[in-house]
Structure formats: structure tokens, C-alpha cells
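Me: Could you take a close look at one part of this model for me, and then tell me how the rest of the chain looks around that part? I'd like one connected walk-through rather than a list.

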Amino acid sequence: MTAALRKIVEEVKGLASAEQQALRVQLDSMAPLAQSSVAEEEYRRQLLTSGLISRIPPPHPASSFQARPIPVQGKPVSETILEERR
């Protein structure tokens, strides 16, 4: 552990509990996506080991999803929703 990191840890120990919690939330939001993918993979392995799933499905490429409007005949869907709420 570097001297700078040791200093930060000591300062964090001096924070109030609510401040430590706020810091935890901030640090978690800054965590790289790699950590979440590792956690996801570990979760899937646990499901497989426990027998809840029979195989781990291959990852779905996020780049294959393309949001595009779906053509609808008639009036806009938003108008229909508003009318049904009345």
C-alpha cells in the first residue's frame, strides 16, 4: 500500500458513518465495468454449481442491439395512452 493510500484510509476512518456510506456509494459508482462483469460471471457459476441452470449461456453482444422506431398505423401511441387514462 502506498503512502498516499494509507493516508486516505486513515482519513476515511475519521469520517462519520454517513460520510463513509456516501463515500462507498461514490466509489462503487466509479468502479470499472470489468468488476461488474466478473461479479456477473461468478454469479452465473454459482447458479450452475447449485443446479439452478444447466449451462452458462454465451454473453449477448450489446452492440447487436439497435434501437429503432416501430412503425404504427393510426394515431400516435402517446395519444392512445392519454385517452385510456381518462
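Reply: Let's start with the nonpolar patch on the surface, which is formed by I70, V72, V77 and I81. Taken together, these four residues have about 390 Å² of accessible area. Keep in mind that you're looking at a predicted model.

Zoom in on I81, which sits in helix α4, the stretch covering residues 77–85. Is I81 buried, partly exposed or exposed? I81 counts as partly exposed, because its relative accessibility is 39% and the partly exposed class runs from 20% to 50%. A residue needs over 30% relative accessible area to join a patch, and I81 has 39%.

Now step back to the whole protein. You'll find four helices and zero strands, so reading along the sequence gives you the pattern α-α-α-α, with helices taken as DSSP runs numbered from the N terminus. Of the 86 residues, just 1% count as buried. The accessible surface of the protein comes to about 8200 Å², and carbon and sulfur atoms account for 60% of that.

On to the charged side chains. As a general point, side chains of opposite charge can pair when their charged atoms come close. This structure holds five salt bridges, and three of them are worth a visit here.

Go to helix α1, residues 3–13, where you'll find both E10 and K13. Their side chains meet in a salt bridge, at 3.5 Å from N to O. The two residues are three apart in the sequence, about one turn of the helix. Both E10 and K13 are exposed.

Next, slide along to helix α3, which spans residues 33–50 and carries E40 and R44. The side chains of E40 and R44 also meet in a salt bridge, with an N to O distance of 3.2 Å. The spacing here is four residues, again about one turn of the helix. As for cover, E40 has a relative accessible area of 37%, so E40 is partly exposed. R44 comes in at 24% relative accessibility, so R44 counts as partly exposed too.

Stay in helix α3, because R45 and E41 both lie there as well, four residues apart and about one turn of the helix from each other. Their side chains form a salt bridge at 3.9 Å, N to O; the cut-off for a salt bridge is 4 Å. R45 is at 41% relative accessibility, which means R45 counts as partly exposed. E41 has a relative accessible area of 31% and is therefore partly exposed.

That pair isn't on its own, either: E41, E42 and R45 are linked in a network of salt bridges.

So, back to your part of interest: I70, V72, V77 and I81 make up the nonpolar surface patch, with I81 placed in helix α4 and partly exposed at 39% relative accessibility.

Terms used
Residues numbered from 1 in each chain as written. Predicted model: local features only at pLDDT ≥ 70, side-chain atom pairs only at ≥ 80, totals over all residues. Heavy atoms only, no water. Patch = residues over 30% accessible without salt bridge, like charges linked within 9 Å, V, L, I, M, F, W, Y side chains within 5 Å. Areas by Shrake-Rupley, 256 points an atom, 1.4 Å probe, with all protein chains shown as cover. Buried < 20%, exposed > 50% of the residue type's maximum accessible area, 1.4 Å probe, protein only.
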